[in-house]
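Here are some notes for a colleague who is opening this structure for the first time. They are meant to be read with the sequence and the model side by side.

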Amino acid sequence: QVQLVESGGGLVQAGDSLRLSCAASGRTFRGHVMGWFRQAPGKEREFVALISGASAYVADSVKGRFTIFRDNAKNTVYLQMNSLKSEDTAVYYCAATPGGIRTRDVDYPYWGQGTQVTVIS
């Protein structure tokens, strides 16, 4: 089992920045691919970013604005979000999978509770 706890969401204005954190506990953190997903009201959950070892990937919709990185010593993965837009408003979820590089949410067995990000223009 891997337990995940997100933090760092909030209400910001368009153009601002936020950093989300996801603290992991339980099984070996380093052995898991860590991902961020988001779900806006009335929409399906979508992939945002993932990191595996030294490799990181972000969705085209956030490329150039969002960065994912991890601190293995702290068992924490971060999502740095810059130049936020109103369309970034969503609940952001941290997820973990031992199954390699995956961008589908169904491939992630472990999930945090989510943190709300609201961007006002």
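**Notes on the disulfide, the sheet and the core**

1. Cys-22 is buried, with a relative accessible area of 0%, and Cys-94 likewise counts as buried at 0% relative accessibility. Please keep in mind throughout that this is a predicted model. The two cysteines are joined by a disulfide, with an S to S distance of 2.0 Å, and a search of the whole structure finds 1 disulfide. Cys-22 belongs to strand β3 and Cys-94 to strand β9, so the pair ties together parts that are 72 residues apart in sequence. As for its geometry, the torsion about the S-S bond is about -75°, so the disulfide is left-handed.

2. Strand β3, which carries Cys-22, is also part of an open sheet of 4 strands, whose order is β1-β3-β8-β7 and whose pairing is antiparallel. Here β1 and β7 stand at the edges with a single partner strand each, so one side of each is left without a neighbour in the sheet. From one strand to the next, the twist averages 20°.

3. Within this sheet, the antiparallel pairing of β1 with β3 runs over 6 bridges, and Ser-7 stands opposite Ser-21 in β3. The pairing of β3 with β8 is likewise antiparallel and extends over 6 bridges, with Leu-79 in β8 as the bridge partner of Leu-20.

4. The side chains of β1 deserve a separate look, since they alternate along the strand. Val-2, Leu-4 and Glu-6 point to one face and are buried, whereas Gln-3, Val-5 and Ser-7 point to the other face and are not buried.

5. Which residues have the most contacts inside the largest nonpolar core? They are Leu-4, Met-34, Trp-36, Leu-79, Met-81 and Tyr-92, in a core of 36 residues. Several strands contribute to this core, and those that each supply at least two of its residues include β1 (2-7), β3 (18-26), β8 (76-81) and β9 (90-97). To follow one of these residues further, Tyr-92 is in contact with Leu-79, Met-81 and Trp-36, among others, when its neighbours within four places in sequence are left aside. The contacts of Tyr-92 also include Glu-6, Leu-20 and Arg-38.

6. Two buried residues with polar side chains may also be worth checking in the viewer. Thr-97 lies in strand β9 and is buried, with a relative accessible area of 2%. A polar atom of the Thr-97 side chain lies 3.0 Å from the backbone nitrogen of Gly-99, and one lies 2.9 Å from the backbone oxygen of Asp-107. Beyond its neighbours within four places in sequence, Thr-97 is in contact with His-32, Val-33, Asp-107, Tyr-108 and Pro-109.

7. Is Asp-88, in contrast to what its place in a loop might suggest to a new reader, buried or exposed? Asp-88 lies in the loop between β8 and β9, and at 1% relative accessibility it counts as buried, because the cut-off for that term is under 20%. A polar atom of the Asp-88 side chain lies 2.8 Å from the backbone nitrogen of Lys-85. Not counting residues up to four places away in sequence, Asp-88 touches Arg-38, Val-62, Arg-65, Phe-66, Ser-83, Val-117 and Val-119.

Notes
Residues numbered from 1 in each chain as written. Predicted model: local features only at pLDDT ≥ 70, side-chain atom pairs only at ≥ 80, totals over all residues. Heavy atoms only, no water. Core = buried A, V, L, I, M, F, W, Y, C linked by side-chain atoms within 4.5 Å. Buried < 20%, exposed > 50% of the residue type's maximum accessible area, 1.4 Å probe, protein only. Contact = heavy atoms within 4.5 Å. Pairing = 2+ DSSP bridges. Polar contact = N/O pair within 3.5 Å; in protein donor to acceptor, adjacent residues only side chain to side chain. Disulfide = S-S within 2.5 Å. Axes fitted to C-alpha atoms, helices over the stretch in contact; angles between N-to-C directions.
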